[in-house]
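Trainee: I have a structure open and would like to talk it through with you. Could we go slowly?

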Amino acid sequence: MIGFIEATISGILMGGLYGFIAVSLSLIFGVAKIVNFAHGALFMVAMFLVYWILVLLKVDPYLSSLIAAGFLFFFGYFFQRLFIEPILRREKETAPLTVILLTSGLMMIIENVALLLFGADYRTVKTGYTGKVWEIAGLFIAQPRMIGFVLSFILILLLGLYLRKTNLGRAIRATSQDREAARLMGIDDYRVYKITFGVGGIMLGFAAAFLVPFYFVHPAVGELFVLKSFVIVVLGGLGSITGAFLAGIIVGIIESLGAQFINSALVESLIFIIFIGCLVVKPTGLLGKQRE
Amino acid sequence: MRGEFPSKILFLRRRKMKTIGIILLTFFCVFYYGLGLTYAQQEVKVGVLIPLSGGLAVIGENLQMAHDFAVKEINEAGGIKSLNGAKIKLIYADTRGDSKIGMSEAERLILREGVVAIVGAFQSSVSYTSTEVAEKYQVPYLVPNSLMDAITERGFKYTFRVERKGSLWAKDQIDFIVDMGKATGKPAKTIGVAYESTDMGQAIAKGIRKWAPEKGLTIGLDEGYPPKTSDMMPVVLKMKRANLDVVILNSYTSDAILLIRTIADQRVNPIAFLGSSSGYSDPSFIKEVGKLAEYFFDLTEWTTDLKHSPLVQQKNAAYKKWNKDNRDFNGGAAFCYASTYILYEALEKAASYDPKKIRDAFATIKITKGPAMMIPWTPIEFDAEGQAKDARMLVVQYRDGQRRSVWPAEIASNKPVWPVPKWEERK
């Protein structure tokens with residue numbers, strides 16, 4: 001019995017991080033309707049940034065997460081400004097197919113540049129809490145996982161507040177609901193897209209920093225998370241922040257608890273079975289709103 | 001008018017010169033051909049197929065150095081004595097890690113370069129296809145490193161393999177576990193295997209399923225996880241619940257790192273952990289996990305501290321001094337070095353440049369001395385399939401970050417720590 005509780009807890013902790021990574025994708029995907037295949041590559045860039053700050057400047061990952069988040073804001077902002085916006089302006093539709101090719105191309109470029117610069121070595125970090133666990137009633141909870149989960153949760157609450165209470169947040173939500181209408185209300189939609197991409201970058205930067213203490217850094221590390229993130233975003237409902245976080249936790253629990261009953265090689269298909277099942281019952285995802 | 005006379009002379013001269021030229025050229029050709037023949041008498045061309053560009057280039061270059069070192073030694077010691085001191089000349093061909101390129105390069109080596117034998121090709125997939133070419137042209141092909149069973153199971157007459165078959169690795173792992181139980185009085189009863197669900201991992205798991213029950217061991221966990229698994233926690237929790245005596249693992253580097261860290265976090269405490277080379281022998285594994293790898297057992301083909309022959313230390317020291325990066329032999333390089341000597345012995349025995357005779361020499365060879373003895377078994381001979389007969393694996397244990405041989409006892413230089421200390425008791 002304790003084994004299953006343990007599996008559920010570990011599923012929630014890891015799932016929270018999956019959800020957090022997906023939240024930033026959900027913003028970009030849900031608001032700007034951009035299928036960002038370079039998401040994993042951006043994530044990797046943030047992980048390397050945190051890694052090098054730790055190795056060279058000895059700054060703790062949780063502290064340097066602020067730097068990573070700030071850096072990724074500008075990275076995301078200019079990513080949108082330089083590469084995606086010209087296409088959006090030229091093609092004059094909300095989800096041009098060229099963007100998919102563009103983002104996959106950028107993913108390859110970023111990953112290969114990282115491969116050239118840093119080589120194919122796997123790198124890990126040693127911090128005061130790497131490998132430390134909290135022992136609670138016979139359960140071992142890895143400290144970096146727990147800290148990462150709690151911080152992710154707080155940041156998502158803050159993001160929700162930001163979207164609900166500030167003008168810019170409202171503009172983002174308005175654009176996500178109806179770009180044309182938002183435009184008619186005097187919202188600069190291209191500016192909103194850039195900001196959205198930037199805010200997505202902030203979340204991604206934090207997520208990377210939370211993962212570094214118990215994970216490895218490698219040019220292809222983003223690929224481990226990117227497909228899962230897309231599944232989580234769609235499962236949670238496009239553009240829904242709470243939905244993405246919740247869906248992340250659900251996927252984490254399925255992954256962890258499922259493996260206790262069936263072979264792990266099959267769990268991946270189990271996730272997709274549940275995913276497809278959910279979409280059949282509720283095509284808009286768990287918390288997605290119906291659109292006409 | 002004035003110009004006619006000289007031009008006539010010039011014309012005559014030209015004709016004369018042409019004739020002389022032709023005669024000279026003929027002479028030169030005959031002479032050169034003769035020279036070529038005598039020159040060829042002093043050189044045995046051997047083709048080496050290895051990946052020298054692409055992702056495996058680092059590995060390929062390491063193997064190339066080992067071959068070069070062996071050939072340097074052989075040629076300095078007087079070459080092939082039965083061929084009037086002919087020198088071995090290695091002709092490298094880059095497979096780029098691609099089985100198709102391996103085939104075309106093998107063809108080029110045989111038809112264009114006229115090699116009498118081929119050595120290679122590191123990766124199983126490339127060895128598998130390029131040996132077919134050698135078989136077709138009846139040129140002997142020596143495989144030092146590839147483990148895929150099928151390479152020597154197609155009834156080929158010209159393929160010889162030094163490495164142990166992959167399917168028997170699991171048998172060695174089970175033998176090791178049983179031996180340790182006997183030696184220490186703490187036998188393992190339940191074992192488990194967690195592996196990346198790809199060709200090699202599945203082959204190992206299949207072997208475990210076959211050999212473990214034969215030795216009276218129960219399999220308590222048989223868990224394949226998909227490649228690119230992002231979290232190892234589910235597998236580790238399952239492993240913990242299974243209460244295993246020995247955990248056998250087969251992973252690539254990234255999952256090896258994640259697994260061992262998660263295992264330590266979760267305080268999974270069996271009698272021992274046993275890896276299956278691959279990720280667990282990767283230098284970056286030990287670099288990244290550091291102390292967590294301590295006491296970890298790993299199945300491997302070779303290590304620098306073997307004591308079955310003083311040659312291991314001597315040759316490794318000489319090699320280290322010779323190569324510019326002061327590199328030790330690793331398993332792959334040691335096998336390439338020894339294989340070059342197996343080839344040398346075969347050439348010596350064949351006393352011929354005829355690939356068919358060299359093939360017969362390989363088939364009947366029995367090596368009991370010389371630098372080929374770097375390989376930890378005697379004698380070196382090939383069975384009817386072309387598989388090295390007594391090939392075996394050994395087990396190392398990580399101690400102070402070093403891979404120390406602990407099994408089989410007769411060639412090992414260290415005592416194993418069995419059972420390994422619990423995670424809580426380690427510092």
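Trainee: What share of the 292 residues of chain A count as buried?

Mentor: In chain A, 49% of the 292 residues count as buried, where buried is defined as 20 or more other C-beta atoms within 10 Å of the residue's own, exposed as 12 or fewer, and partly exposed as anything in between, with C-beta atoms placed from the backbone. Keep in mind that this is a predicted model, in which local features need a pLDDT of at least 70 and side-chain atom pairs count only at pLDDT 80 or more, while totals for chains, interfaces and linings use all residues. Residues are numbered from 1 along each chain as its sequence is written, and chains are lettered from A and ligands numbered from 1 in the order in which they are written.

Trainee: How many helices and strands are there in chain A?

Mentor: Chain A has eleven helices and two strands; these are DSSP runs numbered from the N terminus, with helices being H or I over at least four residues and strands E over at least two. Reading from the N terminus, the order is α-α-α-α-β-β-α-α-α-α-α-α-α. The radius of gyration of chain A is 19 Å, close to the 19 Å from the globule rule for 292 residues, so chain A is as compact as a globular protein of that length. That radius is taken over C-alpha atoms, and the rule is 2.2 Å times the number of residues to the power 0.38.

Trainee: And where do the two chains touch, in numbers: how many residues of chain A are in contact with chain B?

Mentor: On the chain A side 28 residues are in contact with 25 residues of chain B, and a contact means that the C-beta atoms of two residues, placed from the backbone, lie within 7 Å. The elements of chain A that each supply at least two residues to this side include α1 (2-31), β2 (139-142) and α10 (241-261), and α1(A) gives the most, with five residues.

Trainee: What kinds of residues are on that side of chain A?

Mentor: They divide into twelve nonpolar, nine polar and seven charged, where Ala, Val, Leu, Ile, Met, Phe, Trp, Tyr, Cys and Pro count as nonpolar, Asp, Glu, Lys and Arg as charged, and the others, Gly among them, as polar.

Trainee: What confidence does the predictor give?

Mentor: For the complex, the predictor gives an ipTM of 0.88 and a pTM of 0.81. Chain B has a mean pLDDT of 88, with 91% of its residues reaching 70 or more; pLDDT is the predictor's confidence in each residue, on a scale from 0 to 100. Residues 1-7 of chain B have a pLDDT below 50, and beyond near neighbours in sequence this stretch has zero contacts in the model.

Trainee: Switching to sheets: what is the strand order in the open sheet of chain B?

Mentor: The five strands of this open sheet in chain B are ordered β2-β1-β3-β4-β5, with parallel pairing, and two strands pair if DSSP finds at least two bridges between them. The edge strands, each pairing on one side only, are β2 (87-94) and β5 (159-161) of chain B, and from one strand to the next the twist averages 25°.

Trainee: Which helix packs on the sheet there?

Mentor: Helix α2 (residues 57-76) of chain B packs on the sheet, touching β1 and β2 of chain B, and its direction makes about 170° with that of β2(B). Such angles run from 0 to 180 degrees between N-to-C directions, using axes that are lines fitted to C-alpha atoms, for helices over the stretch in contact. Strand β1 (residues 43-50) of chain B and β2(B) pair in the parallel sense over eight bridges, and V44(B) has I88(B) as its bridge partner in β2(B).

Trainee: What about cis peptide bonds, where are they?

Mentor: One is the bond from G120(B) to A121(B), with omega near -5°, and A121(B) lies in the loop between β3 (117-120) and α4 (124-137) of chain B. Another joins T378(B) and P379(B), with omega about -15°.

Trainee: Last topic: is K324(B) buried or exposed?

Mentor: K324(B) is exposed, because 6 other C-beta atoms lie within 10 Å. K324(B) sits in the loop between α10 (311-322) and α11 (331-350) of chain B, and its C-alpha atom is separated by 10.0 Å from that of M65(B), 259 residues apart along the chain.
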